[in-house]
Amino acid sequence: MDELLLRSLTPGVLGILVRRGADFAAAEDAVQDALVEAVRVWPAEPPRDPKGWLVTVAWRRFLDSARADTARRRREDLVDEEPAPGPASGADDTLRLYFLCAHPSLSPSSAVALTLRAVGGLTTRQIAEAYLVPEATMAQRISRAKRTVRGVRFDRPGDVATVLRVLYLVFNEGYSGDVDLAAEAVRLTRQLAAVIDHPEVAGLLALMLLHHARRAGRTAPDGSLVPLAEQDRGRWDTASIAEGVGILQAALARDRLGEFQAQAAIAALHADAPTAGETDWVQIVEWYDELVGLTGSPVARLNRAVAVGEADGPRAGLAALAALDDSLPRYSAVAAHLHERDGDLVTAARLYAEAAHRARNVAERDHLTRQAARLNTRLRH
């Protein structure tokens with residue numbers, strides 16, 4: 001069985017059922033039933049039109065369910081409405097499904113779960129394992145999300161920005177369980193880019209590709225984090241970098257700059273440098289200025305302080321940092337890095353230890369603890 005094919009067909013099939021008038025929750029259940037049937041039947045009898053086969057089976061499963069709890073007149077209406085089988089354009093249906101799963105009435109965690117289930121075609125078990133929660137908890141989250149969007153109809157364009165934020169949340173989860181969420185986010189963003197011509201969709205895809213390209217260099221064999229400046233650039237995926245840069249250049253040429261294009265431009269400058277010492281920090285600062293202007297994000301300002309410290313010296317970076325709230329995530333780690341570069345090892349060691357205490361994951365905590373220990377060892381000698 002080609003699992004990736006099944007998952008790629010899922011949103012289009014679900015979108016068609018919803019467009020035909022099926023309730024979203026019932027349609028999603030019917031599509032899941034059709035996928036199970038495909039796994040059973042296709043190895044021995046592969047269909048000529050896989051999507052048409054799934055639509056036909058899912059629609060029949062939906063009708064079977066509808067017959068069990070609706071009036072005869074409505075059942076007859078539904079049967080009369082069934083179109084002839086065969087392929088249909090799925091672009092609009094798929095796009096509506098992305099918008100539905102990222103509906104503003106959903107919490108971010110619910111939108112992510114529903115997107116992975118309905119658009120990504122993942123099972124509830126796979127999503128639960130990826131987010132390290134019990135399967136029953138994830139099933140309840142998905143059920144609540146489906147109830148929330150029940151009856152939603154689109155009489156105006158959906159919010160692309162919300163969809164992109166949901167996909168970026170998926171990407172940043174990385175890898176857990178048997179699902180590579182970063183790779184899944186890349187796949188879903190590619191799928192979105194195929195059905196909507198929008199420079200920010202292209203910008204997010206480019207950003208994901210450029211970050212994902214560095215993945216092999218981010219960890220040492222023992223699982224410890226490797227900072228960007230110390231990564232073996234020979235381990236980076238040059239094909240993904242080239243693809244990401246090409247997508248970004250085409251998006252920027254449209255002169256409709258958005259936050260994901262700006263972030264991708266920064267990632268491209270890092271990827272383009274043959275060595276860490278050859279990074280064009282001056283241009284990176286300029287792109288951070290654009291990003292801060294677009295978003296006003298405190299996190300963007302924090303990252304800008306790092307870039308200023310590299311471009312204009314650590315004291316300039318510390319001056320930029322001083323204007324920010326010291327409760328920001330990674331503030332202490334950035335301050336430690338800048339103080340170390342400025343030669344103040346005592347303050348840097350203390351701040352690395354403080355940052356380790358605030359770290360949100362084990363790998364980051366261990367890395368910062370090692371940094372503090374390294375400086376304390378130097379101070380003792």
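**Exercise 1.** Find which residues UniProt lists for "domain: RNA polymerase sigma factor 70 region 4 type", and describe the chain over that range in this predicted model.

*Solution.* Start with the record: the unreviewed UniProt entry gives residues 97-148 for this domain. Next, look at the secondary structure there: 73% of the range is helix and 0% is strand. Finally, take the end C-alpha atoms of the range, which lie 14 Å apart.

**Exercise 2.** Locate R214 and work out whether a salt bridge accompanies its charge.

*Solution.* First, place the residue: R214 sits in the loop that links α11 (199-213) to α12 (238-252). Then check its surroundings: R214 is buried, and its contacts beyond four places in sequence are L228, Q231, W236, A267 and H270. Now search for a partner. A salt bridge needs the charged atoms within 4 Å, but the nearest side chain of opposite charge, D272, is 12 Å away, and R214 has no salt bridge.

**Exercise 3.** Identify the residues with the most contacts inside the largest nonpolar core, and follow one of them outward.

*Solution.* This core has 95 residues, and L17, F24, L54 and L192 have the most contacts inside it. Pick F24: among the residues it touches are L14, V18, L97, L100 and L114. A separate second core of 23 residues includes V334, L338, Y352 and A355.

**Exercise 4.** How many residues of helix α17 are buried, and what covers them?

*Solution.* Count along residues 331-341: nine of the eleven are buried, including V334, L338 and E340. Their cover includes α15 (298-312), α16 (314-322), α18 (345-358) and α19 (362-380). Just past the helix, G343 adopts a positive phi of about 90 degrees.

Key. Residues are numbered from 1 along each chain as its sequence is written. This is a predicted model: local features need pLDDT of at least 70, side-chain atom pairs count only at pLDDT 80 or more; totals for chains, interfaces and linings use all residues. Side-chain values use heavy atoms; hydrogens and water are left out. Helices (H or I, at least four residues) and strands (E, at least two) are DSSP runs, numbered from the N terminus. Buried means under 20% relative accessible area, exposed over 50%, partly exposed in between (1.4 Å probe, protein chains only). Lys and Arg count as positive and Asp and Glu as negative; His and the chain ends are not counted. Contact means heavy atoms within 4.5 Å. A nonpolar core is a set of buried Ala, Val, Leu, Ile, Met, Phe, Trp, Tyr and Cys residues joined through side-chain atoms within 4.5 Å. UniProt positions are given in the numbering used here, feature names are shortened, and annotations may be inferred rather than shown by experiment.
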